[in-house]
Amino acid sequence: MSEVFEGYERQYCELSANLSRKCNSASAITDSEQKRQKFSEINSGIDEADVLIRKMDLEARSLQPGVKASLLAKLREYKADLNKLKKEFKRISSPNAHDELLESGIADIHSVSAEQRDRLSMSVERLNQSSERIKESRRTVLETEELGISILEDLHQQRQTLLHAHNKLYDVDSAIDKSKKVLTTMSRRITKNKWIVISIIVALVLAIILILYYKISHG
């Protein structure tokens, strides 16, 4: 359901209920100036209702086919409701409206009032339905917001875990580097010691050779 359409729908239902009350009260007004003022208010309200109907129509036609079909069906009901309001306004605002009311009798007045009450009741019911849909949309938004907060908290915890793991890896890398340095130092010392041993052995061999040569030559 489009939130834009629901906004227009809520405005129309409120306006329709208000126009029904004004039409009902205008029939009982006897002062000509007050009646003229009331008729002017009703006429302006009907124009405003026409604008809302057109806005709802444009919004409904811009949506996906599945949603559009249901909204256009609902819109047809609102158009029929507005046409009834227009006919009622035309009837009560005609020059012969007072005589027609007298000729129609009390039964007809009750019938008109009942029709207006039904229309008012239908408008209120639609308004309540629209309010419930808005509440449901708000509830969905809140639930989505809570879910988003929960996901963000989980991501934060995961980030902290990764940072902790990264720090541990860094410590391990540092330890490995230190171990490499120790091994390199040990390797150098071993190599150095090896050359020292070789030098000693060579020196001993040379000494032995010199001793043997000396003995042989003076033997």
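**Exercise 1. Find which residues of H2 meet which residues of H3, then describe the packing of the two helices.**

Step 1. List the contacts, meaning heavy atoms within 4.5 Å. On the H2 side they include Phe 39, Ile 42, Ile 46, Ile 53, Asp 57 and Arg 61. On the H3 side they include Leu 71, Leu 75, Tyr 78, Lys 79, Leu 82 and Phe 89. Helices here are DSSP runs (H or I, at least four residues), numbered from the N terminus; strands (E) need at least two.

A note on the source: this is a predicted model, where local features need pLDDT of at least 70, side-chain atom pairs count only at pLDDT 80 or more, and totals for chains, interfaces and linings use all residues. Residues are numbered from 1 along each chain as its sequence is written, and side-chain values use heavy atoms, leaving out hydrogens and water.

Step 2. Sort the residues by class. The contact of H2 with H3 has 15 nonpolar, two polar and six charged residues. Nonpolar covers Ala, Val, Leu, Ile, Met, Phe, Trp, Tyr, Cys and Pro; charged covers Asp, Glu, Lys and Arg; the others, Gly among them, are polar.

Step 3. Read the geometry. Two packed helices are described by the angle between their axes and the distance between the axes. The axes of H2 and H3 come within 10 Å and cross at roughly 165°. Axes are lines fitted to C-alpha atoms, for helices over the stretch in contact, and angles run from 0 to 180 degrees between N-to-C directions.

Step 4. Name the arrangement. H2 and H3 are therefore roughly antiparallel (over 145 degrees; under 35 is roughly parallel, 65 to 115 roughly perpendicular, the rest oblique). Their crossing is left-handed: the near helix is turned anticlockwise from the far one by less than a right angle, whereas clockwise would be right-handed.

**Exercise 2. Describe how H1 packs on H2.**

Step 1. Locate the helices. H1 spans residues 3-26 and H2 spans residues 32-61.

Step 2. Take the angle and the distance. The angle is about 155°, and the axes lie 9 Å apart. That makes H1 roughly antiparallel to H2.

Step 3. Add the hand and the classes. The crossing of H1 and H2 is left-handed. Their contact holds 16 nonpolar, three polar and eight charged residues.

**Exercise 3. Trace salt bridges between helices.**

Step 1. Start from the rule. Side chains of opposite charge can pair when their charged atoms come close. A salt bridge is a side-chain nitrogen of Lys or Arg within 4 Å of a carboxyl oxygen of Asp or Glu. The whole structure has seven.

Step 2. Join H3 to H1. Lys 74 and Glu 9 pair at 3.3 Å, N to O. Lys 74 lies in H3 (residues 65-93) and Glu 9 in H1, so the pair ties together parts 65 residues apart in sequence. Glu 9 counts as buried, at 1% relative accessibility (buried is under 20%, exposed over 50%, partly exposed in between; 1.4 Å probe, protein chains only).

Step 3. Join H2 to H1. Glu 41 pairs with Lys 22, with the closest N and O atoms 3.6 Å apart. Glu 41 is in H2 and Lys 22 in H1, 19 residues apart. Glu 41 is partly exposed at 31%, while Lys 22 is buried at 18%.

Step 4. Join H2 to H3. Asp 57 pairs with Lys 79 at 4.0 Å between the closest N and O atoms. Asp 57 is buried at 15%; Lys 79 is partly exposed at 35%. Shared partners join Asp 57, Arg 61 and Lys 79 into one network.
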